[in-house]
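This report describes the strand pairing, charged contacts and unusual backbone angles of one protein chain. The sequence and the structure are shown below.

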Amino acid sequence: MRAPVLSLALALALPLLPAAVAAQDFSGFYTLGGCGAGVDGQILIPEDMSRIEFFESTCGLQWLGEIPGFGGAALYDMTCAGEGETWTDRLLLMRAETGGLIMLRAGFVQEFAAC
């Protein structure tokens with residue numbers, strides 16, 4: 001008889017737990033200098049948010065979570081490869097007021113226009 005009581009307690013408590021936060025959708029094509037600029041300032045983030053593609057490198061993305069109080073900004077760990085090298089990095093992404101993308105990595109910040 002304890003199992004039904006436990007099941008009822010869980011059923012009543014589940015709605016009180018915080019919902020899981022979903023990763024922000026930053027997918028799209030972005031560029032540094034306007035949509036007609038050269039390829040070295042372009043990035044692509046596919047719809048599945050699994051990676052970010054730069055001109056000469058690609059980084060797999062692992063979502064770490066949303067940054068509270070920063071309007072949907074999200075933190076990612078990156079595992080990157082390009083030009084015969086591999087490395088890891090941490091990345092913060094957030095929407096710019098213009099609808100573009102702000103990218104913050106250790107030591108610098110960039111704002112990309114959405115194309």
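Which residue in E5 does Thr58 stand opposite? The residue opposite Thr58 is Ala81 in E5. The model discussed here is predicted, and every value below was computed from it.

**Overall arrangement**

The protein chain contains one helix and eight strands. Read from the N terminus, the order of elements is α-β-β-β-β-β-β-β-β. The chain has 115 residues, of which 28% are buried.

**Pairing of strands E3 to E6**

Strand E3 (51-53) runs antiparallel to E4, and three bridges join the two. Within this pair, Ile52 stands opposite Cys59 in E4. The connection between E3 and E4 is a hairpin of four residues.

Strand E4, residues 58-66, is in turn joined to E5 by eight bridges, and these strands also run antiparallel. The pairing of Thr58 with Ala81 has been named above; another belongs to Gln62, whose bridge partner in E5 is Asp77.

On its other pairing, E5 (74-82) meets E6 (85-95). Nine bridges join E5 to E6 in an antiparallel arrangement, with Thr79 opposite Thr88 in E6.

The two faces of E5 are distinct in their cover. Ala74, Tyr76, Met78, Cys80 and Gly82 form the covered face, whereas Leu75, Asp77, Thr79 and Ala81 form the uncovered one. Three residues of the uncovered face recur in the pairings: Ala81 opposite Thr58, Asp77 with Gln62, and Thr79 opposite Thr88.

**Salt bridges**

Side chains of opposite charge can pair when their charged atoms come close. How many salt bridges does a search of the whole structure find? The search finds three salt bridges, which are set out in the table.

| Salt bridge | Closest N and O atoms |
|---|---|
| Arg51 with Glu53 | 2.6 Å |
| Asp77 with Arg90 | 2.8 Å |
| Asp89 with Arg105 | 3.9 Å |

In the pair of Arg51 and Glu53, Arg51 is partly exposed because its relative accessible area is 31%. Glu53 is likewise partly exposed, with a relative accessible area of 25%.

The closest N and O atoms of Asp77 and Arg90 are 2.8 Å apart. This pair links distant parts of the chain, since Asp77 lies in strand E5 and Arg90 in strand E6, 13 residues apart. Asp77 has a relative accessible area of 24% and is therefore partly exposed; Arg90, at 43%, is partly exposed as well. Asp77 thus takes part in a salt bridge with Arg90 and is also the bridge partner of Gln62.

For Asp89 and Arg105, the closest N and O atoms are 3.9 Å apart. The residues of this pair are 16 apart and also link distant parts of the chain: Asp89 is in strand E6 and Arg105 in strand E7, residues 101-105. Asp89, with 23% relative accessibility, counts as partly exposed. Is Arg105 buried or exposed? Arg105 counts as buried because its relative accessibility is 17%, and the limit for a buried residue is under 20%.

**Positive phi angles in loops**

Most residues other than glycine have a negative phi. Two residues described here have a positive value instead: Met49 and Glu83.

Phi of Met49 is near 55°. Met49 is located in the loop between strand E2 (42-45) and strand E3 (51-53). With a relative accessibility of 12%, Met49 counts as buried.

Glu83 has a phi of about 50° although it is not a glycine. Where is Glu83 found? Glu83 is found in the loop between E5 and E6. The hairpin of these strands has two residues between them, and Glu83 takes its positive phi there. Glu83 is exposed because its relative accessible area is 60%, and exposed residues are those over 50%.

**A negative surface patch**

Glu83 also contributes to the charge of the surface. Together with Asp40, Glu56 and Glu85, Glu83 forms a negative surface patch. The loop residue with the positive phi is therefore exposed, at 60% relative accessibility, and is one of the members of this patch.

Terms used:
Residues numbered from 1 in each chain as written. Predicted model: local features only at pLDDT ≥ 70, side-chain atom pairs only at ≥ 80, totals over all residues. Heavy atoms only, no water. Patch = residues over 30% accessible without salt bridge, like charges linked within 9 Å, V, L, I, M, F, W, Y side chains within 5 Å. Areas by Shrake-Rupley, 256 points an atom, 1.4 Å probe, with all protein chains shown as cover. Salt bridge = Lys/Arg side-chain N within 4 Å of Asp/Glu carboxyl O. Lys, Arg positive; Asp, Glu negative; His and termini not counted. Charge placed at Lys NZ, Arg CZ, Asp CG, Glu CD. Buried < 20%, exposed > 50% of the residue type's maximum accessible area, 1.4 Å probe, protein only. Pairing = 2+ DSSP bridges.
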